Amino acid sequence: VRTDYVDLENSSVFFYDGNLKLTHKINDRTKISATGYSSKDSFTLDGDTTYQWKNLLGGVKLDYQISAAHIAEFSAGVSSYSYNVLNSDPLNGSELSFRLTSSVFKAGFNYQHGNHQLNYGWQLTYYQFNPGSLKPTSSVSSATNLSLAKQYSVENALYLSDNWAFQNRFFVDGGLRFPMFAAFGPSSINVYKPAEPLEISNVMDTLNYSSGEISKMYFGIEP
């Protein structure tokens, strides 16, 4: 691509994405499928800095027909999103990275009763969050190792919805979701002085949580 901007003339862009899906029919009532997806975007300006974004996803799903009116779906998967900034200058060579990984398991059911279609089930999601880390990439780099504490959490939810069709002309869809979200260790959480800025000088105490110990829990109802 031709451009009048000198800074862009020596820039480079690279990207790809691909997906794969395999399906196998076990019998007339059971089907299993597996999916995979990967993508990467890389952008380098005229200089020594490269910006990268990556996505990776994989999952399996099992469909089972309980009866003519009742269908079950079980699925499990893992997804990962990461962001990196690379500096190739030997004197300042570094890699700044961020990553969010989630693992999901879901059991869903669909039941048709007259003009009502009921959907209900359970979903569990486990999150691993790396908010940021910096490391040198050359022996003479002025960059230093720095890493923010990783965060771990889990979301557990039950849901129920009803899609009601009236004379095939009017449709009403409503439901409720009951989520529970919990954050857990290992982690250290600062306690600050009331009504004061969240600064180190205002820290009153530090709460330390061991691996697997719950640090905070939330419950709710969602329409």
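Modeller: Two strands pair if DSSP finds at least two bridges between them. Keep that in mind, and note that this is a predicted model.

Biologist: Which residue in β3 stands opposite Ile-32?

Modeller: Start with the strands. β2 and β3 pair over 15 bridges, in the antiparallel sense. At least two bridges are needed for a pair, so this one qualifies. Opposite Ile-32, in β3, stands Leu-62.

Biologist: How many residues does the hairpin from β2 to β3 run through?

Modeller: β2 covers residues 30-44 and β3 covers 49-65. The two strands run antiparallel. The hairpin that joins them passes through 4 residues.

Biologist: Which residue of β2 is the bridge partner of Phe-14?

Modeller: Strand β1, residues 12-27, runs antiparallel to β2, with 15 bridges between them. A hairpin of 2 residues links β1 to β2. Across the bridge from Phe-14, the partner in β2 is Ser-42.

Biologist: Now the rings. How is the aromatic pair of Phe-181 and Tyr-218 classed?

Modeller: The structure holds 11 aromatic pairs. In this one, the ring centres lie 6.4 Å apart and the planes meet at 45°. Stacked needs under 30 degrees and edge-to-face needs over 60. The angle falls in between, so the pair is tilted.

Biologist: How many residues apart in sequence are the parts that this pair ties together?

Modeller: Phe-181 sits in strand β9, residues 170-184. Tyr-218 sits in strand β12, residues 214-219. The pair therefore ties together parts whose separation in sequence is 37 residues.

Biologist: Is Tyr-218 buried, partly exposed or exposed?

Modeller: Buried means under 20% relative accessible area, and exposed means over 50%. Phe-181, at 30%, is partly exposed. Tyr-218 has 46%, so its class is partly exposed.

Biologist: Which residues form one aromatic cluster with Phe-74?

Modeller: A cluster is built from aromatic rings. Phe-74 shares one with two other residues: Phe-109 and Tyr-120.

Biologist: On to the pockets. How many charged residues line the largest pocket?

Modeller: The largest pocket has a volume of about 370 Å³. Its lining has 15 residues, and Gln-151, Tyr-152, Ala-183, Ser-187 and Ile-189 lie nearest the centre. Strands β6, β8, β9 and β10 each supply at least two of the lining residues. By class, 9 are nonpolar and 5 polar, and the number charged is 1.

Biologist: How many polar residues line the second largest pocket?

Modeller: This pocket holds about 250 Å³ of space and has 18 lining residues. Thr-35, Gly-59, Val-60, Ser-75 and Ala-76 lie nearest its centre. β2, β3, β4 and β5 each give at least two residues to the lining. The lining divides into 7 nonpolar and 3 charged residues, while the polar ones number 8.

Biologist: With which residue does the side chain of Ser-102 make a polar contact?

Modeller: Ser-102 is in strand β5. At 14% relative accessibility, Ser-102 is buried. Its side chain makes a polar contact at 2.8 Å, and the partner is the side chain of Ser-79.

Biologist: How far apart in space are Gly-121 and Ala-72, C-alpha to C-alpha?

Modeller: Gly-121 belongs to strand β6. Its relative accessible area is 12%, and the cut-off for buried is under 20%, so Gly-121 is buried. Gly-121 and Ala-72 are 49 residues apart in sequence. In space, C-alpha to C-alpha, the distance is 9.3 Å.

Technical notes
Residues numbered from 1 in each chain as written. Predicted model: local features only at pLDDT ≥ 70, side-chain atom pairs only at ≥ 80, totals over all residues. Heavy atoms only, no water. Phe/Tyr/Trp six-rings, centres within 6.5 Å; stacked < 30°, edge-to-face > 60°. Buried < 20%, exposed > 50% of the residue type's maximum accessible area, 1.4 Å probe, protein only. 1 Å grid on protein atoms, 1.4 Å probe; cavity = no way out; pocket = protein on both sides within 12 Å on 5 of 7 lines; lining within 4 Å. Points joined across faces, edges and corners; volume = space filled by probe spheres on them. Nonpolar A, V, L, I, M, F, W, Y, C, P; charged D, E, K, R; others polar. Polar contact = N/O pair within 3.5 Å; in protein donor to acceptor, adjacent residues only side chain to side chain.
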